[in-house]
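Visitor: Please put the model up, and I will ask about it point by point.

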Amino acid sequence: LTYTSQGTYSITWTYTNLAGTTLTQYQTVIIDDISAPIPDNPNLPDITGECSAEVTTTPTATDNCIGTVNGTTNDPLYYDQQGTYNVIWIYDDTYGNTYSQTQTVIVDDTTSPTIICPDDQIINLQEGQTEYIVQGIEFDPVSTEDNCEVIEIINNHNSLETLDGATFPIGTTTVTWTVTDIGENTTDCIFDVTVNEYVNIKEEVSKILIIPNPSTGEFTIDLS
């Protein structure tokens, strides 16, 4: 009279009186689980990270027949690209009843990169020069760092990742380096490049020393 497996069963009842006459009656017993599992946590927590995020805990649900049900998913549990993702968990009681639950995974870099700026530069042109041409990496940032990944370093002077070959006219030019990371966070460094034109003072009088020569416009006359 006790059934523990899903299915439809028939019980045959027989009634017998004192004279031995019998009557038969049939009774149906149906075991049919129609209740889906219920999540133990109705609101799964968001999984967040700046450079990557990973779901490490499998959520569970409770079923009226089989008890604890572990969630399963076909979605990845590890993400290393910026963005918002949904992981769909399925709770299946094996009797045809399922319940789905969504968990959000967010990869969002909110930390700005760092940049070490060059010092302000003063360039004294030599005879025949009318502008200064950068050679090498002398005006490039000393270093840049980011908790995830730097994707771009450019400057406002020629919109390139290096100032090698860039020209600076006489006067002061402000250079801004901008570093951008994978989360589109930016950091600037700003410095000046001052280019002084060539100045020459001829020492035609003996025993007079002019320092410095060439000069930037300010000099000392030594009459010793």
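**Aspartate 181 and its surroundings**

Guide: Aspartate 181 has 0% relative accessibility and so counts as buried, where buried means under 20% relative accessible area, exposed over 50% and partly exposed in between (1.4 Å probe, protein chains only). This is a predicted model: local features need pLDDT of at least 70, side-chain atom pairs count only at pLDDT 80 or more, and totals for chains, interfaces and linings use all residues. Residues are numbered from 1 along each chain as its sequence is written, and side-chain values use heavy atoms, with hydrogens and water left out.

Visitor: In which strand is the place of aspartate 181?
Guide: Strands here (E, at least two residues) and helices (H or I, at least four residues) are DSSP runs, numbered from the N terminus. By that numbering, aspartate 181 belongs to strand β17.

Visitor: Which backbone nitrogen lies 2.8 Å from a polar atom of the side chain of aspartate 181?
Guide: Aspartate 181 is in contact with Asp109, Thr111, Ser112, Pro113, Asp146, Glu149, Val150 and Ile151, leaving aside its neighbours within four places in sequence; contact means heavy atoms within 4.5 Å. The backbone nitrogen at 2.8 Å from a polar atom of its side chain is that of asparagine 185.

Visitor: What is the order of the open sheet of four strands?
Guide: Two strands pair if DSSP finds at least two bridges between them. The pairing in this sheet is mixed. β12 (121-124) and β15 (150-155) each have a single partner strand and stand at the edges, so one side of each is left without a neighbour in the sheet. The order is β12-β18-β17-β15.

Visitor: Which residue in β17 is the bridge partner of isoleucine 153?
Guide: Five bridges pair β15 with strand β17 (residues 171-181) in the antiparallel sense. Across them, the β17 partner of isoleucine 153 is valine 179.

Visitor: Which residue in β18 is the bridge partner of isoleucine 122?
Guide: β12 pairs with strand β18 (residues 186-196) over four bridges in the parallel sense. The covered face of β12 holds Gln121 and Ile123, while Ile122 and Asn124 are on the uncovered one. The β18 partner of isoleucine 122 is threonine 194.

Visitor: Which residue in β7 does threonine 60 stand opposite?
Guide: Another open sheet has three strands in the order β3-β6-β7, with antiparallel pairing. Its edge strands, β3 (38-39) and β7 (67-70), each pair on one side only. Strand β6 (residues 60-63) is joined to β7 by four bridges. Opposite threonine 60 in β7 stands asparagine 70.

Visitor: How many Å apart in space are threonine 2 and valine 29, C-alpha to C-alpha?
Guide: Threonine 2 lies in the segment before β1 (7-16). At 69% relative accessibility, threonine 2 counts as exposed. Threonine 2 and valine 29 are 27 residues apart in sequence, and their C-alpha separation is 9.4 Å.

Visitor: What is the radius of gyration of the protein chain?
Guide: The chain has zero helices and 20 strands. The globule rule (2.2 Å times the number of residues to the power 0.38, with the radius taken over C-alpha atoms) gives 17 Å for 224 residues; the chain is well over that, so it is more spread out than a compact globule. Its C-alpha trace spans about 155 × 30 × 20 Å along the principal axes. The radius of gyration is 41 Å.

Conventions
A polar contact is a pair of N or O atoms within 3.5 Å; within protein, one must be able to donate a hydrogen and the other to accept it, and residues adjacent in sequence count only if both atoms are side-chain atoms.
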